[in-house]
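User: I would like a close look at one part of this model, followed by an account of the interior around it. Please keep to what can be computed from the atoms.

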Amino acid sequence: MSGSAQLRETNFLLILVFAARDVDRYQSSKTGDSQEGNPLLKYLTMKIKATGPITVAEYMREVLTNPLKGYYMHQNMLGEHGDFVTSPEISQIFGELIGIWCINEWISGGKSKSLNLVEFGPGRGSLMDDILRVFSQFQNLLNTCDISIHLVEVSPKLSEIQALNLTGKSTMAKHEDKPSYKTGITKTGLPINWYYNIEDVPSGYTFYIAHEFFDALPIHKLQKIQDKWKEILVDVDPENPQKLRFVLGSGCSLIARTFVQPDENRNHVEVCPEAAVIIQKLVSQLKIYGGAALIADYGHSGDKEDTFRGFRSHQLHNVLLDPGTADLTADVDFNFLKNMTANKVSFLGPITQHEFLRNMGIDFRLKVLMENAKDAATQQHLIASYDVLMNPNKMGKRFHFFSLFPHSRLEQASKLKYPIAGFTKLEMS
Ligand SMILES: C[S@@+](CC[C@H](N)C(=O)[O-])C[C@H]1O[C@@H](n2cnc3c(N)ncnc32)[C@H](O)[C@@H]1O
């Protein structure tokens, strides 16, 4: 593959400063903003007054995906003029290496005759665009395979942007009577479909990709008080009815009984039942039909406590202030997700983004691009975007990759010496 500038249309200085959302949580927190006239706040306040305090998960779900005013539903929040920047937006090398990962796995997994490529929460569609460009470069190899693309996206606005980027059309056929809400053909000639829910995605040999998706799913927050788990709830502040506040629920939490391990030694945990449901669905699909899941996000291995935070204009933002105007996110608990697989599939990782991209040959790819770069400015951009992705103090160590495979693939990997790309160093020539 050849290519020149690998930097997207973003203000580069801004990227360097605000590349990852996983900044120190208490670095700054805007609190003075006016929330007057905020329709979501009004709705949440009325709801709480009518039926009582709501869980943090319900609050997060409303704030992010309320059909009328949810944060993700009607705006493009990615990039320089938005609230945060993600790896696929920083450099197309990121998506290209994931494209190579898919092709490598398709070959090692036995070159299945059909392949569903599913992405959760594709944002602007940049990652999928880069993957599909790599697929088109390997068309001769892949032409024995029937490939179709499936995007799980809840946001009408972002699905419009994805459609434009991936198919060249902003509006597409809608299917009221089919599980997909939108369908079309990609610029590279592959069928593409959009869904609100993983349950609607067709079964088959599948690669599931999720980048910065699981951190957007609603979490419950639980606090241990005198050996009992209580749920933290969101309530209206009685002293200032324009404001929301956290309160402690009374009874013992059912969520805690279902999801918290008996030997948990933290006093505060965040659990994400929606993530558990998705992982369990992936596990059952992979076991029956084969394929793999590749998931990248910021997170921890079951050792962090309070990670719930808001982002607006690349700055930390008070999560209860001006709901719907800032992104809400929580670190992914990789241990929790691993437990949800119940050992029914193999779980590889988590490993750092730095390790994964290095194993996938990012240095080799950078070298080729540097040699092909037209000018010094392009070279500088290449190096700077590489640094943001790889530097342990930027995205390199904060983001992690993990993968799910049927056990048979891991057995084959050790017997036939077909390593799992990304999780084992590949030889580059
Ligand atoms: C943080 S953005 C990440 C975008 C993209 N993956 C990237 O890395 O640039 C989260 C994405 O997940 C989508 N999303 C959030 N909650 C969702 C849900 N419950 N179901 C489907 N998509 C969701 C958002 O609309 C958005 O596309």
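Which residues are buried in helix α13 (residues 362-372)?

Analyst: The model is a predicted one, and the description below applies to it as such. In helix α13, which spans residues 362-372, the buried residues are I362, R365, L366, L369 and M370. Viewed down the axis of α13, these buried residues fall within an arc of 135°, so they line one face of the helix. An α-helix has 3.6 residues a turn, so residues three or four places apart point the same way. K367 and E371 are exposed, and they sit on the face of α13 turned away from its buried side. The cover over the buried residues of α13 includes three further helices: α5 (92-108), α12 (353-359) and α14 (376-390).

The nonpolar interior comes next. The largest nonpolar core has 66 residues, and those with the most contacts inside it are Y59, F120, F214, I279, L282 and L404. Helix α10 provides the largest share of this core, seven residues. A second core, separate from that one, has 60 residues, among them W194, L348, A373 and F405. Within the largest core, Y59 may serve as an example: leaving aside residues up to four places away in sequence, Y59 touches L44, I54, V234, L244, V319, L320, P323 and L328.

Open and enclosed spaces complete the picture. The largest pocket has a volume of about 710 Å³. Its lining consists of 36 residues, of which G121, V152, V154, F213 and L217 are the closest to the pocket centre. By class, this lining divides into 21 nonpolar, seven polar and eight charged residues. At least two lining residues each come from α3 (56-65), α4 (87-90), β2 (114-120), α6 (126-137) and α10 (273-289), and the largest share, four residues, comes from α3.

There are two cavities of 30 Å³ or more. The largest cavity holds about 110 Å³ of space, and its lining includes F214, I219, E270, V271 and C272. Strands β10 (268-271) and β15 (332-333) and helix α11 (334-341) each contribute at least two residues to that lining, which has nine nonpolar, no polar and three charged residues. F214 thus appears both in the lining of the largest cavity and among the residues with the most contacts inside the largest nonpolar core. The second largest cavity has a volume of about 40 Å³ and is lined by I198, V201, P202, Y208, K281 and Q285. These lining residues divide into four nonpolar, one polar and one charged.

Technical notes
Residues are numbered from 1 along each chain as its sequence is written. This is a predicted model: local features need pLDDT of at least 70, side-chain atom pairs count only at pLDDT 80 or more; totals for chains, interfaces and linings use all residues. Side-chain values use heavy atoms; hydrogens and water are left out. On a 1 Å grid over the protein atoms alone, a cavity is a set of points where a 1.4 Å probe fits but cannot get out, and a pocket is an open set with protein on both sides within 12 Å along at least five of seven lines; lining residues have an atom within 4 Å of a point. Grid points are joined across faces, edges and corners, and a volume is the space filled by probe spheres set on the points. Ala, Val, Leu, Ile, Met, Phe, Trp, Tyr, Cys and Pro count as nonpolar, Asp, Glu, Lys and Arg as charged, and the others, Gly among them, as polar. A nonpolar core is a set of buried Ala, Val, Leu, Ile, Met, Phe, Trp, Tyr and Cys residues joined through side-chain atoms within 4.5 Å. Buried means under 20% relative accessible area, exposed over 50%, partly exposed in between (1.4 Å probe, protein chains only). Contact means heavy atoms within 4.5 Å. The arc is that of the directions from the helix axis to the C-beta atoms.
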